[in-house]
Amino acid sequence: MHKRWGRRLAALLALSFVLAVSQADAHDFPLHTVMTAFVKIEPQQAHLIIRVPLDMVHSVQFPMNGHLYNLGASNAAIQTAVSGVASDIEIWENGSRMVPSSATGRLTLPGDRSFEDYDQAEKLVAQPMETTSEIYFDQGYLDAHLVYPITSPNSVFTIETILAPDLGDHAKLTVRFMPLGERSRAFMISSSSGRVALNPSWYHAAGGFVTLGVAHILSGIDHLLFLLCLVIPIRRLRVLVPVVTAFTVGHSATLIGTAYNLAPSGDWFPPFVEMAIAMSILYMAVENIIGANLDRRWLVAGLFGLVHGFGFSYALKENLQFAGSNLLVSLVGFNVGIEIGQLLILTAMVGLLWLLFRHMPHPKIGAIVLSAFVAHTAWHWMIERGGVLWQTKWPQIDAGSITMLARWIAALLLAGGAANLLVRYAQNRRSPGAHVPTPTLQSSAEKPAA
């Protein structure tokens, strides 16, 4: 009996210790991890005005009076902290790191809202601190103003943050970039963002978004399964051209439209798109199983391309902030990257499936079995994503939603017409002088890869 109570007491003490440690760890993690900054470009100098929560500046020991900062004795610590900010927030001009010619800072009460506007923030940092203010430990801000000499306001400026690297992506830096003679634009970056161009040239923006497009299509398992469904019954690159072309036209239309704020808004739409993508994979896989005639598969691929374009847009949305003033060029670059990735994937899939089916006595059975595995996966995705959609609030039908629907119907008709023209062109190139119909599932499955 005593041993049993002893074990219970030991377990209780162990649990108390674990809870105490976890609470201590939670307390050590900063409650405020978002920094706010302005970068303003003038003819001969650039200004960085930044606000850093004090619980992200534990590397500097500020003098304390109990639980309050000793503001009257904090000047040396503030300069040390400002120097640390200048070291960890790097700004580059045309590839050369800039060094500030002046750096000032102060501690500010947590309720201050001066950083909602550049002029107010600049005026605040220029003012001396009120040493009678009471700022509790980890409850205020470190505000800093750094001035950098520049060679030209038209240079390409880049920024990188490595402040609080132990926090990783939890430490965010929001930047309002204010170029000379242009509209300001906002960014949100972290230490994982690397060096980010604040005003990229069109070719830098295009190159970066091409790489982003390739990376996205290669890492998007749902898009890869959809492409696999397109390849399974055909397995010939020449025959795949019109189908993939239609898919490209479809997803390009919705991708560009979403970037220009023509997509539906609301919490319901992203899970709806994710469920629709799963449904598109399921449909194509089932069509492969039942033996569809592939003459009009390009039309189905184009319609589902519209849905997948919305999915691509969500991957692009967080990165459009890095396009600068080159929105259209960046969109085209992202789309080109997706097409490059698609061509690489399709080429690899056609080769692998040809190797897989070349020695099969009945390739059609192999295509059905493979499509069944894909359909099983897509079915579970559809159920899971449908459950998420069911829990979201659906929008109310109003004049704005009707107008947007009309716009997308028009875009659908335009995309269908463009896809039809491209498919006819591809068919004519493939078979000059005579029309050769796209093969059915059975005939294509029995043919070796080209």
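**Notebook: strands, cores and rings**

I began with a single residue and noted that glutamate 90 stands opposite glutamate 160 in β9. The model I am reading is a predicted one, and I keep that in mind for each entry below.

**Entry on the sheet.** I looked up the strands around this spot and found that β5, residues 89-93, and β9, residues 157-161, run antiparallel and are joined by five bridges. I then followed the sheet outward: it is open, has four strands in the order β6-β5-β9-β12, and its pairing is antiparallel. Because β6 (96-97) and β12 (196-197) stand at the edges with a single partner strand each, one side of each is left without a neighbour in the sheet. I also asked which helix lies across β5, β6 and β9. I found helix α2, residues 75-88, which runs at about 50 degrees to β5.

**Entry on charges over rings.** I turned next to arginines placed over aromatic rings, and noted that the charged end of arginine 195 sits over the ring of tryptophan 92, 3.6 Å from its centre. Arginine 51 lies over the face of tyrosine 141, with 4.4 Å to the ring centre.

**Entry on the cores.** I wanted to know where nonpolar residues gather, since in soluble globular proteins nonpolar side chains tend to be buried together. The largest nonpolar core has 57 residues, and within this core Leu230 and Ile281 touch the most other members. I checked which helices contribute, and found that α4 (202-219), α5 (221-231), α6 (237-259), α7, α8, α9 (327-357) and α10 (363-390) each supply at least two residues of this core. Another core, of 46 residues, lies apart from that one, and I noted Tyr69, Met98, Leu142 and Ile150 among its members. Going back to leucine 230, I listed its contacts while leaving out residues up to four places away in sequence: leucine 230 touches Leu240, Val243, Met284, Arg297 and Ala301.

**Entry on aromatic pairs.** How many aromatic pairs does a search of the whole structure find? I recorded 11 aromatic pairs. One of them is formed by phenylalanine 269 and phenylalanine 310, an edge-to-face pair with 5.0 Å centre to centre and 85 degrees between the planes. I placed phenylalanine 269 in helix α7 (residues 269-290) and phenylalanine 310 in helix α8 (residues 297-317), so this pair ties together parts that are 41 residues apart in sequence. I also looked up whether these two are buried or exposed, and both phenylalanine 269 and phenylalanine 310 are buried. My last note is on a cluster, in which ring pairs link Phe226, Phe247, Tyr283 and Phe304.

Note on methods
Residues are numbered from 1 along each chain as its sequence is written. This is a predicted model: local features need pLDDT of at least 70, side-chain atom pairs count only at pLDDT 80 or more; totals for chains, interfaces and linings use all residues. Side-chain values use heavy atoms; hydrogens and water are left out. Rings of Phe, Tyr and Trp (its six-membered ring) pair if their centres lie within 6.5 Å; planes under 30 degrees apart count as stacked, over 60 as edge-to-face and the rest as tilted. Buried means under 20% relative accessible area, exposed over 50%, partly exposed in between (1.4 Å probe, protein chains only). A charge sits over a ring if NZ of Lys or CZ of Arg is within 6 Å of the ring centre and within 35 degrees of the ring normal. A nonpolar core is a set of buried Ala, Val, Leu, Ile, Met, Phe, Trp, Tyr and Cys residues joined through side-chain atoms within 4.5 Å. Contact means heavy atoms within 4.5 Å. Two strands pair if DSSP finds at least two bridges between them. Axes are lines fitted to C-alpha atoms, for helices over the stretch in contact, and angles run from 0 to 180 degrees between N-to-C directions.
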